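Biologist: Could you take a close look at one part of this model for me, staying with a few side chains and their surroundings?

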Amino acid sequence: MKSEEQTKAGMKEDSNPVFDMETRLTQDDHQSLRLWLRMLSCTVMIEGEIRSRLRSEFGITLPRFDLMAQLERHPEGLRMGELSKRMMVTGGNITGITDQLEQEKLVTRVADLKDRRAYSVKLTPAGRRAFKRMAAVHEEWIADMFSGLQSEQKSKLFELLSQVKTHLHEPGTDCGLDNKPLQEEST
């Protein structure tokens, strides 16, 4: 019989164990480390499933979907540097993703009227239609993945994670999150 901790970590009574970040933990590990690896395991599992579904259903990568999502929220367009900040990836990566979406006629670059050296990126009408279809299905996937939690549980989890996020950005913490370099993201 599996222990309660094993069951909570993803090992069901009559199934194969789930091997993820948590499997290396013991009860002797610090509670914060166990929590971090639980959150990371859930994130990796959900993100992996979303990546797979986006690729198989729509032939698009998660970074490309994310860039389109940013542009959907800003119909006036966003400058490349702003997209880089919002997506937390390098400017070079944004350029590569934008190039691909532009070739597919889903986005367009528009010269910035305030600064002729800069460009804004906007969704094209075809890009808006494509994103609208993908976003509706994506929302259903996410809702399904979180359907194991009651509404009150989701609210509480959201509240707790908001507290963690706020703490990580507080001045004077040793986290230093605002000073970390941007990550490369595969297109």
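Modeller: Happy to; here is a walk through two arginines and then a surface patch. This is a predicted model, so local features need pLDDT of at least 70 and side-chain atom pairs pLDDT 80 or more, while totals for chains, interfaces and linings use all residues. Residues are numbered from 1 along each chain as its sequence is written, and side-chain values use heavy atoms, without hydrogens or water.

Let's begin with Arg128, which sits in helix 6, residues 125-145 (helices are DSSP runs of H or I, at least four residues, numbered from the N terminus). Arg128 is partly exposed because its relative accessible area is 26% (buried is under 20%, exposed over 50%, partly exposed in between, with a 1.4 Å probe and protein chains only). Leaving aside residues up to four places away in sequence, Arg128 touches Leu71, Glu72, Pro75 and Leu123 (heavy atoms within 4.5 Å). Val107 lies 21 residues from Arg128 in sequence, with 8.9 Å between their C-alpha atoms.

Glu72 also falls within helix 3, residues 62-73, where Arg64 is placed. Arg64 counts as buried because its relative accessibility is 7%. The side chain of Arg64 makes a polar contact of 2.3 Å with that of Glu104 (N or O atoms within 3.5 Å, one able to donate a hydrogen and the other to accept it).

Finally, Val164 belongs to helix 7, residues 151-168, and at 38% relative accessibility Val164 counts as partly exposed. Val164 joins Phe146, Leu149, Leu157, Leu161 and Leu168 in a nonpolar surface patch, with about 410 Å² of accessible area together (members have over 30% relative accessible area and no salt bridge, and nonpolar side chains are joined within 5 Å, like charges within 9 Å; areas are Shrake-Rupley with a 1.4 Å probe; a salt bridge puts a Lys or Arg side-chain nitrogen within 4 Å of an Asp or Glu carboxyl oxygen).

Key: Helices (H or I, at least four residues) and strands (E, at least two) are DSSP runs, numbered from the N terminus.
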